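I opened this model to take notes on its overall form, a few helices, a hairpin and the ligand site. The entries are kept in the order of looking.

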Amino acid sequence: DRYQLWGGCFGEEPSSVLRRLNDSLGIDVRLFHEDIRGSKAWANELHRSGHLSEDDNTAIQSGLKKVEDDIEQELCINGRLNDPEEDIHSVVERRLQKYAGDAALRLHTARSRNDQSATNTKLWMLKSLQHIKKEIGQLLSILISRAKKEIHIIAPGYTHLQRAQPIRWSHFLLSYAWMFRDDIIRLQEIVERLSCSPLGSGAIAGCALQIDRKRLAESLGFKQCTPNSMYAVGSRDHIVEYLNWASLCGVHLSKLAEDLIIYSTQEFGFIRLSDQFSTGSSLMPQKRNPDGLELVRGAAGLLLGDAFSFSCILKGLPSTYNKDLQSDKEVLFRSYDRLLDCIKVTAGTVETMQIDEERSVGVLDAGMLATDLAHVLVRGGVPFRRAHHTVGAVLRRAAELGHDLQTLPYQEYITICPEFGTEKELRKIFSWESSVEQYTTEGGTSKSAVSKQIESLEQWIKDI
Ligand code: ARG
């Protein structure tokens, strides 16, 4: 038989199809720890403020513990609950009666599922967002330690996916480390705002019994309690923030995935993905496919879709609680699980891939030093714009003669522009190492500037 938290004034049962649409147990069962934690805190607060007897509270506290253990065990065995109830709140209350008797009927005093469910979700988020932060921290550490170990490796840098300038491979890795650092900072800001308890807001108007909401909030680990009950039960802004955050983090993972996919092709060949993080083809025996990274790239689209679809649910809602809000958990859990897997797959891929340093430096070509050549002229006093055009003319001449910048005879340089200086000075620029070492200014690709990035990221990550 189904235990319902409502229905006193109903003559008939809801239709089975409405029940199917309405029931949320399959999804909100995931909140059973939070539901029980919230109920324990609620009963304690009712007791402390004189609305629940010592005996009833004791019965409720120990009963809730037993319910929690039972549910935990059943989920372990079956992966789901077979209760006929519509949601986790009803399941817990009905099961509590078995252990606490009539005291269980007092648990929901002055409470609504509206403030209860909002509180549960926030408690779950406070816990889970810490977990996701830890995983991104892990990815960040992997990027930093690779950057440290591989600082000597020079690779082509691209803009528009066209060869641009030589860079340190570590500089590339760290460009993502900084992105993920910013993701963590943004996540912390979201957690800060999230730490605000809706419990005690009732269905809409607040709590008619005198209770101490601040004390209640703190007993659950919240920093504050919500300042307006209507806002509290109707708002899912914290979920919107999280979903949008997750979609941005997904975009960063997707960009990294795309770079690595390209770098792992035979045509680029800078990296080789480990067996653990690549897959094969059912037909072509030689294939080594970057499926993990492709799935991460695809998942970023799904994360964006989830963020967008949830905002669509909210946009036309009237104030306070409406059942449309029940979908919040479905989208939240889905997006959370997906992002977590993506972070872990990315971390594993980055940790286990191999870089082919000979290949990455081997594909550099003298044309990528054209900017350096312009800087030779600038150092000799030539205005940059003129230097840029002059080097353009050198490139054109070299192409005509079937040369590159390095093999073009010195005489050709001097004919185009005498300010190129001595041959010895000119030839000095044809070194990848000295090219990247020019960029010592903060944020640049020289060894010292890259080392500074590593130091400051290492320092930062220690404190999170
Ligand atoms: N399962 C509901 C949800 O998560 C709980 C709130 C139900 N409130 C109500 N008035 N029907 O949104």
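The notes below go from the whole chain to single residues.

**Entry 1: the chain.** I am working with a predicted model. I counted the secondary structure and got 19 helices and 6 strands in the chain. I then looked up the radius of gyration, which is 31 Å for the chain, while a compact globule of 464 residues would come out near 23 Å. The C-alpha trace spans about 100 × 50 × 40 Å along its principal axes. As for burial, 36% of the 464 residues count as buried. I also checked contacts with a separation of 6 or more; 75% of them join residues 24 or more positions apart.

**Entry 2: helix H11.** What end-to-end span should the 25 residues of H11 give, and what do they give? H11 covers residues 291–315, and at 1.5 Å a residue the expected span is 36 Å; I find the end C-alpha atoms 36 Å apart, so the two agree. I listed the buried residues of H11 as Gly-292, Leu-293, Val-296, Arg-297, Ala-299, Ala-300, Leu-303, Asp-306, Ala-307 and Phe-310. These buried residues pack against helix H10 (237–263) and helix H12 (327–352).

I picked Leu-295, which sits in H11, for a separate check. Leu-295 has 16 other C-beta atoms within 10 Å and is therefore partly exposed. From Leu-295 to Ala-374 I get 42 Å between C-alpha atoms, with their positions 79 residues apart along the chain.

**Entry 3: Ile-343 in helix H12.** Ile-343 belongs to H12. Is Ile-343 buried or exposed? I count 23 C-beta neighbours inside 10 Å, so Ile-343 is buried; the cut-off for that is 20 or more. Setting aside neighbours within four places in sequence, I find Ile-343 in contact with Glu-135, Ile-136, Leu-139 and Leu-253. I also took the distance from Ile-343 to Tyr-99: the pair is 244 residues apart in sequence and 42 Å apart in space, C-alpha to C-alpha.

**Entry 4: helix H14.** H14 runs over residues 370–379, and its buried residues are Asp-372, Leu-373, Ala-374, Val-376 and Leu-377. I asked what covers them; the cover includes helix H15 (384–401), helix H17 (423–427) and helix H18 (432–437). After H14 comes Gly-381, for which I read a positive phi, near 105 degrees.

**Entry 5: the hairpin of E1 and E2.** Strand E1 (residues 154–159) and strand E2 (residues 162–168) run antiparallel and are joined by 6 bridges. I find Ile-154 opposite Arg-168 of E2. The hairpin has 2 residues between its strands, and His-160 takes a positive phi there, near 55 degrees.

**Entry 6: the ligand.** Which residues are around the ligand? I list Ser-24, Asp-28, Asp-87, Arg-113, Asn-114, Ser-117, Tyr-321, Lys-323, Leu-325 and Gln-326. Helix H6 (residues 113–149) gives the largest share of this shell, with 3 residues. Sorted by type, the shell divides into 4 charged, 4 polar and 2 nonpolar residues.

Technical notes:
Residues numbered from 1 in each chain as written. Predicted model: local features only at pLDDT ≥ 70, side-chain atom pairs only at ≥ 80, totals over all residues. Buried ≥ 20, exposed ≤ 12 C-beta atoms within 10 Å, placed from the backbone. Helix = DSSP H or I, 4+ residues; strand = E, 2+ residues; numbered from the N terminus. Contact = placed C-beta atoms within 7 Å. Pairing = 2+ DSSP bridges. Near = placed C-beta within 6 Å. Nonpolar A, V, L, I, M, F, W, Y, C, P; charged D, E, K, R; others polar. Rg over C-alpha atoms; globule rule 2.2 N^0.38 Å. Expected span 1.5 Å × (residues − 1).
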